[in-house]
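Work through the exercises below with the sequence and the structure open. Try each task before reading its solution.

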Protein chains: 2
Amino acid sequence: MSIHATITQYARMLDNLDAWLQAGVAHAEAKKFDPDVLAQARLAPDQYALVQQVQSACDAAKYAAAYLSGQTAPSHPDTEKTVAELRARIAKARDYVAGFKEPDFAGGGERRVAPAWMQGKSVGGDAYLTRIATPNFYFHVTTAYAILRHNGVPLGKADFVGVKSWEEIGDW
Amino acid sequence: MSIHATITQYARMLDNLDAWLQAGVAHAEAKKFDPDVLAQARLAPDQYALVQQVQSACDAAKYAAAYLSGQTAPSHPDTEKTVAELRARIAKARDYVAGFKEPDFAGGGERRVAPAWMQGKSVGGDAYLTRIATPNFYFHVTTAYAILRHNGVPLGKADFVGVKSWEEIGDW
């Protein structure tokens, strides 16, 4: 396992997230409702709506790639309101994380990571990736998927994993 | 990053999942409804209920540890119907995966993994862990969490990650 393999997987999941949003738009058109209603949907009144789930997933991936490579993450302000804007946000995060190569993360596991919200404390790179970035990233993409499923968007497990057929896994 | 670090993280998340179920029981008692109503709750009519989400999370963790160490996974039949039974299922999976040590996974990344559902095909150990086990594991724990949140169980992000205070992350 390498850090790069995990970051590459985040990029794949961001592609999948984009495909779920496209399925949401198609569902809205078929049912004749405004697709942007989905952007404000949530599973509990005190939980993030789809907008913030997507923004948070993008940030979890972006910051993991930045911190573990020693780069400064690009700024992506949380201004999105529509599904189209969310898709553009995903594309920015996806392109950023997909641009990293294996050597960019050399020594990343031992790097001390100090996100602003830790207020001066730091955490080791490996612990950051395994215990913070990955749980948070999957939390937000899965909750986004759950919001869409709860609202009737026709999605299944193959869409979550992003495989067209289970056969193709044999080539991984 | 090591395979062992990821498997250890699965064990932590199973502990967290157990704590969410305990919060669900406490919520049911406070609201005077049968806690086992939660076991059959789901977010969409054609999605797994909480019971199967928990069973699937347990299996994702168990099989990843077994396949990548070359062991045969213990059999845990899907017989659970109550929250108490789900907690016992989690304990079995948690104890199994927490019992592995770093050397158990030596060479695991290069091992070919051939789950029964792949019908004779196989996938490399690293790809199995990064592209199948981890997305599936977090899919099921997050959906379990989402089902509980949707049903009013008072949980927050710190419960998901399993930290009592954000301060403690500075020691990781």
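The exercises that follow concern a predicted model.

**Exercise 1. Symmetry of the two chains**

Task: Determine how chain B can be laid on chain A.

Solution:
- Step 1. Two copies of a chain are related by a rotation about an axis and a shift along it.
- Step 2. Here the turn is 180° and the shift along the axis is 0.0 Å, and chain B then fits chain A with an RMSD of 0.0 Å.
- Step 3. The two copies are therefore related as by a two-fold rotation axis.

**Exercise 2. The interface**

Task: Find which elements of chain B give two or more residues to the side that touches chain A, and describe that side by class of residue.

Solution:
- Step 1. Count the residues in contact: 35 of chain B meet 35 of chain A.
- Step 2. The elements of chain B that give two or more residues to this side are α1 (3-31), β2 (123-124), α5 (125-150) and α6 (157-161).
- Step 3. Of these, α5(B) gives the most, with 14 residues.
- Step 4. By class, the side of chain B that touches chain A has 18 nonpolar, 13 polar and 4 charged residues.
- Step 5. Of the interface residues of chain B, 100% are also interface residues in chain A, so the copies meet through the same surface.

**Exercise 3. Helix α3 of chain B**

Task: Compare the span of α3(B) with the expected value, and decide whether the helix is largely enclosed or not.

Solution:
- Step 1. Helix α3 of chain B covers residues 50-69, which is 20 residues.
- Step 2. From first C-alpha to last it reaches 29 Å, close to the 28 Å expected at 1.5 Å a residue.
- Step 3. Because 17 of the 20 residues of α3(B) are buried, the helix is largely enclosed by the rest of the structure.
- Step 4. After the helix comes B:Gly70, with a positive phi near 80°.

**Exercise 4. A:Phe160 and its contacts**

Task: Place A:Phe160 in its element, classify it as buried or exposed, and list its contacts beyond four places in sequence.

Solution:
- Step 1. A:Phe160 belongs to helix α6 (residues 157-161) of chain A.
- Step 2. A residue is buried if 20 or more other C-beta atoms lie within 10 Å of its own. A:Phe160 has 21 within 10 Å, so it is buried.
- Step 3. Leaving aside neighbours within four places, A:Phe160 is in contact with A:Asn16, A:Tyr145 and B:Phe139.

**Exercise 5. The nonpolar core**

Task: Identify the residues with the most contacts inside the largest nonpolar core.

Solution:
- Step 1. This core has 98 residues.
- Step 2. Those with the most contacts inside it are A:Ala61, A:Ala64, B:Ala61 and B:Ala64.
- Step 3. Not counting residues up to four places away in sequence, A:Ala64 touches A:Ile7, A:Tyr10, A:Leu129 and A:Ala133.

How values were computed. Residues are numbered from 1 along each chain as its sequence is written. Chains are lettered from A and ligands numbered from 1 in the order in which they are written. This is a predicted model: local features need pLDDT of at least 70, side-chain atom pairs count only at pLDDT 80 or more; totals for chains, interfaces and linings use all residues. The expected span of a helix is 1.5 Å times one less than its number of residues. A residue is buried if 20 or more other C-beta atoms lie within 10 Å of its own, exposed if 12 or fewer, and partly exposed in between; C-beta atoms are placed from the backbone. Copies are superposed by least squares on the C-alpha atoms of residues with pLDDT of at least 70 in both. Two residues are in contact if their C-beta atoms, placed from the backbone, lie within 7 Å. Ala, Val, Leu, Ile, Met, Phe, Trp, Tyr, Cys and Pro count as nonpolar, Asp, Glu, Lys and Arg as charged, and the others, Gly among them, as polar. A nonpolar core is a set of buried Ala, Val, Leu, Ile, Met, Phe, Trp, Tyr and Cys residues joined through C-beta atoms within 7 Å.
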